[in-house]
Structure formats: structure tokens, C-alpha cells
Amino acid sequence: MGTVSMIILSVLGFLFLTMILYYRKSIYSFAVACRHEMKRVVWPTPEKAFRQMRAIVISLIIFACFFGFVDFVLYRLVNLVF
């Protein structure tokens, strides 16, 4: 690597370490709060997750077909006009 890139990396590393040291307590409290919130999350059962995924995939297919049909109709109309 060149000298300029080494200087830039050194400055960025220094800034990163300074930020970590300055915000150390707030980063730690954020991590503790995240861990606490993750314990309170009610995770879906595999069956419920599968049902929701199936609903999303079916909706995606329906919307794709609808917009594909609209695109096809508009394409044909534009070709008729021009």
C-alpha cells in the first residue's frame, strides 16, 4: 500500500478508537438494553413462521402477475398508438 493510504487508514483507526473510548459506557448500556429486549421478544413458532412466509410468497406471486399483466396491456396499447 502507498503512503497516503497508510496515513488515511491510521487516521481512521485513531478516530474509531477515540470514538469507542469516548462512547464506551453508552455502547455498553446499549448492548445490555438490546440483550434485555431480545429476551422479551416472543418468537413465532416454526408453524406460524411458515404460514406467514407462505402468505408473503403467495402475495408476491399475485402482485407479480398483476403488474406483469398491467405492463403487458400498457405495452400493447403503446404499440397500437405509436
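Phe63, Phe66 and Phe67 form one aromatic cluster in this predicted model. The structure holds two aromatic pairs. In the pair of Phe63 and Phe67 the rings are stacked, with a centre-to-centre distance of 6.4 Å and an angle of 20° between the planes. These two residues, Phe63 and Phe67, lie in helix H3 and are separated by four residues, about one turn of the helix. Phe63 and Phe67 are both exposed. The pair of Phe66 and Phe67 is edge-to-face, at 5.2 Å centre to centre and 70° between the planes. Phe67 thus takes part in a stacked pair with Phe63 and in an edge-to-face pair with Phe66. Phe66 has a relative accessible area of 47%, and is therefore classed as partly exposed.

Helix H3, which spans residues 46-81, is also where confidence is highest, at a mean pLDDT of 97. The lowest confidence is found in helix H1, residues 3-22, where the mean is 86. Over the protein, the average pLDDT is 91, and 99% of the residues score at least 70.

Helix H1 contains Met6 and Phe14. Both residues contribute to a nonpolar surface patch of about 900 Å². The other members of the patch are Val4, Ile7, Ile8, Leu9, Val11, Leu12 and Leu15. Residues enter such a patch only with over 30% relative accessible area; Met6, at 42%, is partly exposed, and Phe14, at 57%, is exposed. The C-alpha atom of Phe14 is separated by 61 Å from that of Leu77, the two residues being 63 apart along the chain.

One salt bridge is present in the structure. It is formed by Arg40 and Glu37, whose closest N and O atoms are 3.3 Å apart. Arg40 and Glu37 both belong to helix H2, residues 24-40, and stand three residues apart, about one turn of the helix. Arg40 counts as exposed because its relative accessibility is 56%, whereas Glu37, at 42%, counts as partly exposed. Helix H2 also holds His36. The relative accessible area of His36 is 48%, so this residue is partly exposed. Between the C-alpha atoms of His36 and Gly2, which are 34 residues apart along the chain, the separation is 45 Å.

The structure holds zero disulfides. Among the cysteines, Cys34 has a relative accessibility of 32% and counts as partly exposed. Cys65 is exposed, with a relative accessible area of 53%.

In terms of side-chain contacts, the model thus combines the aromatic cluster of Phe63, Phe66 and Phe67 with the salt bridge between Arg40 and Glu37. The nonpolar patch that includes Met6 and Phe14 adds a surface feature.

Conventions:
Residues are numbered from 1 along each chain as its sequence is written. This is a predicted model: local features need pLDDT of at least 70, side-chain atom pairs count only at pLDDT 80 or more; totals for chains, interfaces and linings use all residues. Side-chain values use heavy atoms; hydrogens and water are left out. pLDDT is the predictor's confidence in each residue, from 0 to 100. Patches are made of residues with over 30% relative accessible area and no salt bridge: like charges are joined within 9 Å, nonpolar side chains (Val, Leu, Ile, Met, Phe, Trp, Tyr) within 5 Å. Accessible areas come from the Shrake-Rupley method with a 1.4 Å probe; for residues, only the protein chains shown count as cover. A salt bridge is a side-chain nitrogen of Lys or Arg within 4 Å of a carboxyl oxygen of Asp or Glu. Buried means under 20% relative accessible area, exposed over 50%, partly exposed in between (1.4 Å probe, protein chains only). A disulfide is a pair of cysteine sulfur atoms within 2.5 Å. Rings of Phe, Tyr and Trp (its six-membered ring) pair if their centres lie within 6.5 Å; planes under 30 degrees apart count as stacked, over 60 as edge-to-face and the rest as tilted.
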